[in-house]
Amino acid sequence: MNRRNFLKVVGATAAVVAIQPSSISQTLYANNGDLYKRYEKVQLVDKAGQPIVASALKKETSYFFMYPYNGTPALLVDLGEPTEKEVKLTSEDGTEYIFPGGVGKNSSIVAVSAICPHQLTHPKPSDSFFNYVPKNGKTMAYKSGGVFVCSSHLSAYDPKQGAKRVSGPAPQGLANIILEVDDNDHIWAVGVLGPDKFHDYFKAFKPEFKAIYGNWRKAKKLVKVQTPTMLLSEYCKEIIQY
Ligand code: FES
């Protein structure tokens, strides 16, 4: 194992943060920052600005939010059962990192960066080829449901194993959005773990950002304080899934 490239995320005492929720039950830090990046601590809220309550999430349903930038989409799902813990993963360039596990009372809540590492497919207001397929659902991308699927070229990712790629042409897994759930059962995004595609994505979709934000640079601004969170089906006019 290349220790310099070996990322470990472990429990720790809460660090000083810009916003202090009443209490943070799960705080994480990386002792090697190669594939863990801490961003703004941002609360997931509904359209009225009220906190999203972890235990009130619909099970196996995709929720959409932007993190860590205004224009980088992410999906939140309560899988309905615990994820695996301390899952060792490897990025395309061989860097190792460890997915700590889901959050919430049942360790079943996960979030991922919804940018496919194959050719950067991502949810847009018009449509999404990217979604979570429930366990009893069917997909052409994998032998079973219970996976994130990019229907552009049928890559599947296992959310219980830190969004590891389990089929399709994608060269690596999805980046995980690291979440914390506080004592009020409210959800916070605090960082990104794993190989993100933000650089390529910002480069590739300037016209799209210009159309949505008026100025593509707005898409690159960090999300701060709160991020509106809604069902993916509310954000996208159409969800296309094979
Ligand atoms: S862009 Fe997602 S599988 Fe090709």
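**Group meeting: core, sheet and salt bridges in a predicted model**

Let me begin with a single residue, Leu-179. Leaving aside residues up to four places away in sequence, Leu-179 touches Leu-76, Val-103, Ile-109, Val-110, Ala-111, Ile-187, Trp-188 and Ala-189. I should say at once that this is a predicted model.

Leu-179 belongs to the largest nonpolar core, which has 63 residues. Which members of that core touch the most other members? They are Phe-65, Leu-76, Phe-148, Ile-177, Leu-179 and Ile-187. Among the elements, strand E15, residues 187–193, gives the most to this core, with five residues. There is also a second, separate core of five residues, and Val-133, Ala-141, Val-147 and Val-149 are included in it. As general background, nonpolar side chains in soluble globular proteins tend to be buried together.

I turn next to Ser-113, which is in strand E8, residues 109–113. Is Ser-113 buried or exposed? Ser-113 counts as buried, because its relative accessibility is 3%. Again not counting residues up to four places away in sequence, the contacts of Ser-113 are Pro-73, Ala-74, Phe-130, Leu-174, Ala-175, Ile-177 and Phe-198. One of these, Ile-177, was named a moment ago among the core residues that touch the most other members.

A brief remark on cysteines. Cys-116 is buried at 2% relative accessibility, and Cys-236 is buried at 3%. How many disulfides does a search of the whole structure find? The search finds zero.

Now to the sheet. Four strands form an open sheet in the order E10-E11-E12-E13, and their pairing is antiparallel. E10 and E13 are at the edges; each has a single partner strand, so one side of each is left without a neighbour in the sheet. On average, and with direction ignored, neighbouring strands of this sheet are turned by 35° against each other. Within the sheet, E11 and E12 run antiparallel and are joined by three bridges. Phe-148 stands opposite Tyr-157 in E12, and Phe-148 is also one of the residues that touch the most other members of the largest core.

Let me move to backbone geometry. In general, most residues other than glycine have a negative phi, and most peptide bonds are trans. Where does this model contain a cis peptide bond? That bond joins Tyr-67 and Pro-68, with omega at about 0°. Pro-68 is placed in the loop between strand E4 (63–66) and strand E5 (73–78).

Two residues deserve mention for their phi values. Ala-163 is not a glycine, yet has a positive phi of about 60°. Ala-163 is in the loop between strand E12 (155–158) and strand E13 (164–167), and counts as buried because its relative accessibility is 1%. Val-225, likewise a residue other than glycine, has a positive phi near 70°. The loop that holds Val-225 runs between helix H3 (216–219) and strand E16 (226–228).

Finally, the salt bridges, of which the count comes to seven. I shall present three of them.

The side chains of Lys-59 and Asp-78 meet at 3.6 Å, N to O. This pair links distant parts of the chain, 19 residues apart: Lys-59 is in the loop between strand E3 (36–45) and E4, and Asp-78 is in strand E5. Lys-59 is partly exposed, with a relative accessible area of 46%, whereas Asp-78 counts as buried at 4%.

In the next pair, Lys-135 meets Glu-60 at 3.3 Å, N to O. These two residues are 75 residues apart, with Lys-135 in the loop between strand E10 (130–133) and strand E11 (147–150) and Glu-60 in the loop between E3 and E4. Lys-135 counts as partly exposed at 36% relative accessibility. Why is Glu-60 counted as buried? Its relative accessible area is 19%, and buried means under 20%.

The last pair is Glu-81 and Lys-160, whose closest N and O atoms are 2.2 Å apart. Glu-81 is in the loop between E5 and strand E6 (87–90), Lys-160 is in the loop between E12 and E13, and 79 residues separate the two. Both partners are partly exposed: Glu-81 has a relative accessible area of 28%, and Lys-160 is at 24% relative accessibility. The loop between E12 and E13 thus appears twice in this talk, with Lys-160 and with Ala-163.

Terms used
Residues are numbered from 1 along each chain as its sequence is written. This is a predicted model: local features need pLDDT of at least 70, side-chain atom pairs count only at pLDDT 80 or more; totals for chains, interfaces and linings use all residues. Side-chain values use heavy atoms; hydrogens and water are left out. A disulfide is a pair of cysteine sulfur atoms within 2.5 Å. Buried means under 20% relative accessible area, exposed over 50%, partly exposed in between (1.4 Å probe, protein chains only). Contact means heavy atoms within 4.5 Å. A nonpolar core is a set of buried Ala, Val, Leu, Ile, Met, Phe, Trp, Tyr and Cys residues joined through side-chain atoms within 4.5 Å. A salt bridge is a side-chain nitrogen of Lys or Arg within 4 Å of a carboxyl oxygen of Asp or Glu. Two strands pair if DSSP finds at least two bridges between them. Axes are lines fitted to C-alpha atoms, for helices over the stretch in contact, and angles run from 0 to 180 degrees between N-to-C directions.
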